[in-house]
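This report goes through a protein with a bound ligand, from the overall fold to single residues. The sequence and coordinates are shown first.

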Amino acid sequence: MTDCVFCKIVAGQIPSTKVHEDQHTLAFMDIGQVNPGHVLVAVKRHAANLFELDAEQAEAAARTCHRVAQAIREAFAPEGLSVYQANGRAAGQTVYHYHVHLLPRHAGDGMELTWPVKNPPRETLAGYAEKIKARLA
Ligand code: AMP
Ligand code: ZN
């Protein structure tokens, strides 16, 4: 994708601060650094979002997240770590090339994600589950 900022980072056409690279993934420092040690794990071959990944890319991204998260924890000793991944504008995605945020967390760090629970009745949950299961069969 010629116009994609993360494709340009993968290709070395614009600078980034890399922490890990393998066949399918590149991990580099998020330029915004919400907290110190904030890393992005991106796939190398362009995929706009989770839905465009193939299984090999998905597995590789999960492996890299697992590995780099351990390193972040050892390096920065955060109180917690959020794994955040947005798909689509409505979900808050701003760069349309699949990436996962590994975000060290501390009490009172100002990071907020509101979580407006609905707590529907169990029959409603069953109905939602049936819709999903029908598509997994
Ligand atoms: P998202 O909202 O999940 O799509 O996040 C995009 C992230 O990419 C933001 O946290 C930005 O700070 C980060 N970002 C954008 N451009 C760059 C860049 N050139 N190098 C590193 N991080 C970037
Ligand atoms: Zn791209």
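The text below covers the fold, the ligand site, the charged pairs, a surface patch and some individual residues.

**Overall fold**

The model is predicted. The protein has 3 helices and 5 strands, and from the N terminus on these elements follow the order α-β-β-β-α-β-β-α. Along the principal axes, the C-alpha atoms fill a box of roughly 50 × 35 × 25 Å. The protein has 137 residues, of which 32% count as buried. Its exposed area is about 9200 Å², with 57% supplied by carbon and sulfur atoms. Among contacts between residues at least 6 apart in sequence, 53% join residues at least 24 apart.

**Ligand site**

Ligand 1 is surrounded by 14 residues. The closest of them are Asp30, Thr94, Val95, His99 and His101. Three polar pairs can be listed for oxygen atoms of ligand 1, two with backbone atoms and one with a side chain.

| Residue | Protein atom | Distance to an oxygen atom of ligand 1 |
|---|---|---|
| Gly92 | polar backbone atom | 3.1 Å |
| Thr94 | polar backbone atom | 2.8 Å |
| His101 | N or O atom in the side chain | 2.8 Å |

Taken alone, ligand 1 exposes 510 Å², and the protein buries 80% of that. Thr94 and His101 appear both in the table and among the closest residues.

**Salt bridges**

Side chains of opposite charge can pair when their charged atoms come close. The count for this model comes to 4 salt bridges.

One of them is formed by Glu21 and Lys44, whose closest N and O atoms are 2.9 Å apart. This pair links distant parts of the chain, 23 residues apart: Glu21 belongs to strand 1, while Lys44 lies in the loop between strand 3 (39-43) and helix 2 (55-76). Glu21 counts as partly exposed because its relative accessibility is 41%. Lys44 is also partly exposed, at 21%, which puts it just inside that class because buried means under 20%.

Another salt bridge joins Arg45 and Asp54, with 2.5 Å between the closest N and O atoms. Arg45 has a relative accessible area of 45% and is therefore partly exposed. Asp54 is partly exposed as well, with a value of 30%. In a further salt bridge, Asp109 pairs with Arg105, the closest N and O atoms being 2.7 Å apart.

**Nonpolar surface patch**

Which residues form a nonpolar patch on the surface? They are Leu113, Trp115 and Val117, which together have about 400 Å² of accessible area. Val117 is located in the loop between strand 5 (99-105) and helix 3 (122-136). Its relative accessible area is 54%, so Val117 counts as exposed.

**His20 and Phe76**

Is His20 buried or exposed? His20 counts as buried because its relative accessibility is 17%, and the cut-off for buried is under 20%. His20 is part of strand 1 (residues 18-21). Its side chain makes a polar contact of 3.1 Å with the side chain of Asp22. Beyond its neighbours within four places in sequence, His20 is in contact with Thr25, Leu26, Ala27, Thr64, Arg67 and Val68.

Phe76 sits in helix 2. With 40% relative accessibility, Phe76 is partly exposed. Setting aside neighbours within four places in sequence, Phe76 is in contact with Pro36 and Gly37. Phe76 and Pro104 are 28 residues apart in sequence, and their C-alpha atoms are 7.9 Å apart in space.

**Positive phi angles**

Gln33 is not a glycine, yet its phi is positive, at about 45°. Gln33 is placed in the loop between strand 2 (25-29) and strand 3, and it is partly exposed at 28% relative accessibility.

Ala77 is another residue other than glycine with a positive phi, near 45°. Ala77 lies in the loop between helix 2 and strand 4 (80-84). Ala77 counts as exposed because its relative accessibility is 60%, and exposed means over 50%.

Notes. Residues are numbered from 1 along each chain as its sequence is written. Chains are lettered from A and ligands numbered from 1 in the order in which they are written. This is a predicted model: local features need pLDDT of at least 70, side-chain atom pairs count only at pLDDT 80 or more; totals for chains, interfaces and linings use all residues. Side-chain values use heavy atoms; hydrogens and water are left out. Patches are made of residues with over 30% relative accessible area and no salt bridge: like charges are joined within 9 Å, nonpolar side chains (Val, Leu, Ile, Met, Phe, Trp, Tyr) within 5 Å. Accessible areas come from the Shrake-Rupley method with a 1.4 Å probe; for residues, only the protein chains shown count as cover. A salt bridge is a side-chain nitrogen of Lys or Arg within 4 Å of a carboxyl oxygen of Asp or Glu. Helices (H or I, at least four residues) and strands (E, at least two) are DSSP runs, numbered from the N terminus. Buried means under 20% relative accessible area, exposed over 50%, partly exposed in between (1.4 Å probe, protein chains only). A residue is near a molecule or strand if one of its heavy atoms lies within 4 Å of it. A polar contact is a pair of N or O atoms within 3.5 Å; within protein, one must be able to donate a hydrogen and the other to accept it, and residues adjacent in sequence count only if both atoms are side-chain atoms. Contact means heavy atoms within 4.5 Å.
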